[in-house]
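User: Hey, I'm new to this one. Could you walk me through it?
Analyst: Sure, let's have a look together.

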Amino acid sequence: MMSAQLQQPSEPAASPGTGAANAPESHGSSNGISFAPLVNRVAQSSSPYVRARANSPVAWQLLDNEAVSRARSENKLIFLSIGFLASHHCHLAHLESFSDPTLATLLNTEFIPVIIDREEHPTYDYIYMNYNESLNRVGGWPLNVFLTPELEPVFSGTYWAPPGGTDSASNEDEADGAGRPLDWLTVVRKVHSSWKDEESRVREEAQQNCIELARVISEGMVDHSSNGQQPQQAISAVDYTQDLDGELDLEQIEEAFTRITRTFDYSFGGFGQQDKFLTPSKLSLMLRATHFPTEVQDVAGPKDCTSISDSALHTLNRIIHGAVHDHIGGGFHRHSVTRDWSLPSFEKMLIDNALLLGLFLDAWLLSGGRPGDELAQIVKEVADYITSETMMSSGGGFFTSEAAGSCSKRGDSAMRNGAFYLWTRKEFDAAVGGENEAEVAAAYWDVQADGNVDPMHDPLDEFLNQNVLRIAKTHAELSKQLGMSANEAKQRITSAREKLRAYRERERVRPIVDTKIVTAYNGMAIVALSRASAVLHSQDPERAAKYLAAAEDAAQFIKSKLWDSSQKTLYRAYCDSRFDTSGFAEDYAYLIEGLLELYEVTADESWLKWADELQSAQIAQFYDDAPSTSANSRCGGFYSSTLHAPHTILRVKEGIDGSQPSVNSVSVSNLFRLGALLNDKKYTYLAKASVNAFSVEILEHPNLFPGLLCGIVPWRLGGRHWVSVGDSDEAMSLFHKAPRAALSTLRYHNPQNASSWLRLRDPSLNLTEAGIYTQSNENPATYRKINTSDMPWTQNQTAAS
């Protein structure tokens, strides 16, 4: 499902004899040497999540040479806690457990406690979450892992009862043999006892854990060893003009559709029968079904394609009407803890809203693109939220998230989960005012006197008598129930929404904002806002200009603050200053995608030039160019981290799409697009090789790889590649009204400017007559002017121009 190379973590500066090969066999913590007590070091971090633990009694360390050296010198296990600022459960863990003096003393004296922001270090999170899920069958945050001084996992878990709180609700998968929930002190003491009494066995099992983890996540990769010993081959030695053999074909898309329908929840949308995640990659693949080339639809079946696309639209409709939608302030929460979208986890993340914005754009265009549609309003609402003062830095760039918890009202000190978004019926009526309007609004959003949260989903009574807003009735249903016109019902709902928004802003404390500006997440926002700007250009020019300016400002911020042009290095994040953490493959991938969108929306070659530069850097640092032992394939694909990334035990190559598209699915799309825009055969070849790298697993589990499945289409069928010669406005308008489906690109060509960067990068294009041209897939050197058959989407769209 992905690839991994087992590798030794980078060696910290340490005294002779303290490395892995010379790990002490006895359990004496220091062999008679005394060490100064640990001191909390979180102030040295740039992460708001990590810095928030400055007053913790736990002497938190950073995962760096100093902490690892000390673990080896003192022969202690590392206790690693991974979380993020927006998470309410991470907040509770620090409030209820890590503040306990007994637990803090135990962690400080017998372990090296280390805290990590998962959004700063996604690779650490990915590796150890895979271990945790293999051990406990569940995931979540905070993720707590005990590691050897060589960073090999010994034991892990996500929830343990607070010290002295074993009567609390627990996770059945993390309980003792008698069914009682494990509490923190029990876990920590047992792990310490095992290390103290059976260190050799613990080390041996930890090493085996790493080997097994590398083996499992390498299954299915094309001809790839997991021992990291393959020789490297100069990537320039490949003949990029040759065709690439491979087993993948359009049938895998058909099989993916078949498997997706097996888990689809036809009652409530989404997948499965329990809690629901937003699954943007899967929904994107489903939406594309009716706009894929006819060859794909013929294989999958036209009726099945329509059904698949309709299922995605149904899911998005349920998401819009459900409680994951902030109906008052705009934007969407991270996921639903219930099957019917009726109770969210209240974090609001930039990545979720950026990815949803792209989905809503496609759904709106697929549905006709009419200005008055509900989807049109949702597109604007989400884009407004992303570009609001809450989520956008005044200097450019977008913040990471809003926390789930906040104080119930001004002056309170206690943080409550969802406090900013919940309403008692009494407070709701008082905020709306007017008995008739409150009655309409309460019926619309299902606000009840005793609350609308099912007690089954509230075992700790967090939401007793509270209401989370979700649309329970349409305007037409309200009209019939309350004896008024649908238009009057709509007006009263609009009025109530504005009153509730004003009350909330005036009386409540807004959740804490994580002000990290993460390169990858900003890339996602740049993509979505650029597209929204282009689509809304003729309908709402003021908003369109705002969205485009925000996207351009974010890209410029990253270029000035997080890109080292001399070293060709991108950095991960910024908060008051640049983080020391170098960018991961996903940072390059998502930013490149954003720059490609900016180029196609603005015709500004500078964005395309930077995308090309970043793509070369990503290939140099992350591409797997180890030679294959078979005649017709190479390993291909992108690792998430660099070869010698610090303190990294596995080098992972992700292909499965989860809450965000995998780095390889985005990189494949980028390579295909750049290959077409620049007439660069190397990029196109590497795109195909990267899809092919995951072929064994795609053949077995195609539904897990929706992003890479989209890469099969241009591999086998080519794409839609337009060139605009002196007709950029019309080309831009027509091009961006198409829902995303097969690969498409738009290049701007000025025959009068022979010295432009793009003409020098690709001098082969010789079009001179004004017009919009499309490239022949059979003969890429041939172009013809477009006609109505090249724009089938325009036949069903009635958007105002």
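**Surface first, then the rings**

Analyst: The accessible surface of the protein is about 31,200 Å², and carbon and sulfur atoms account for 48% of it; such areas come from the Shrake-Rupley method with a 1.4 Å probe, and for residues only the protein chains shown count as cover. This is a predicted model, where local features need pLDDT of at least 70, side-chain atom pairs count only at pLDDT 80 or more, and totals for chains, interfaces and linings use all residues. Residues are numbered from 1 along each chain as its sequence is written, and side-chain values use heavy atoms, with hydrogens and water left out.

User: What pLDDT does the protein average?
Analyst: The average is 90, and 90% of the residues score at least 70. pLDDT is the predictor's confidence in each residue, from 0 to 100. Residues 167-173 fall below 50, with 12 contacts beyond near neighbours in sequence; residues 629-634 are also below 50, with 14 such contacts. A contact means heavy atoms within 4.5 Å. Where pLDDT is low, the predicted coordinates should not be read in detail.

User: Ok, how many helices and strands?
Analyst: There are 27 helices and 25 strands, taken as DSSP runs (helices H or I, at least four residues; strands E, at least two) and numbered from the N terminus.

User: And how much of the protein is buried?
Analyst: Of its 801 residues, 58% are buried, meaning under 20% relative accessible area (exposed is over 50%, partly exposed in between; 1.4 Å probe, protein chains only).

User: Switching topic: how many aromatic pairs are there?
Analyst: The whole structure has 30. Rings of Phe, Tyr and Trp (its six-membered ring) pair if their centres lie within 6.5 Å; planes under 30 degrees apart are stacked, over 60 edge-to-face, and the rest tilted. One of them is the tilted pair F332 and F360, at 5.4 Å centre to centre with 40° between the planes.

User: Why does that pair tie together parts that are apart in sequence?
Analyst: F332 sits in the loop between α11 (302-321) and β7 (335-336), while F360 belongs to helix α12 (residues 350-366), so the pair joins parts 28 residues apart in sequence. Both F332 and F360 are buried.

User: Which rings link into a cluster?
Analyst: Ring pairs connect W60, F79, F98, F111, F146, F155, W160 and W184.

User: What lies over the face of W141?
Analyst: That's R118, 4.0 Å from the ring centre. Likewise, the charged end of K559 is over the ring of W610, 5.2 Å from its centre. The test is NZ of Lys or CZ of Arg within 6 Å of the ring centre and within 35 degrees of the ring normal.
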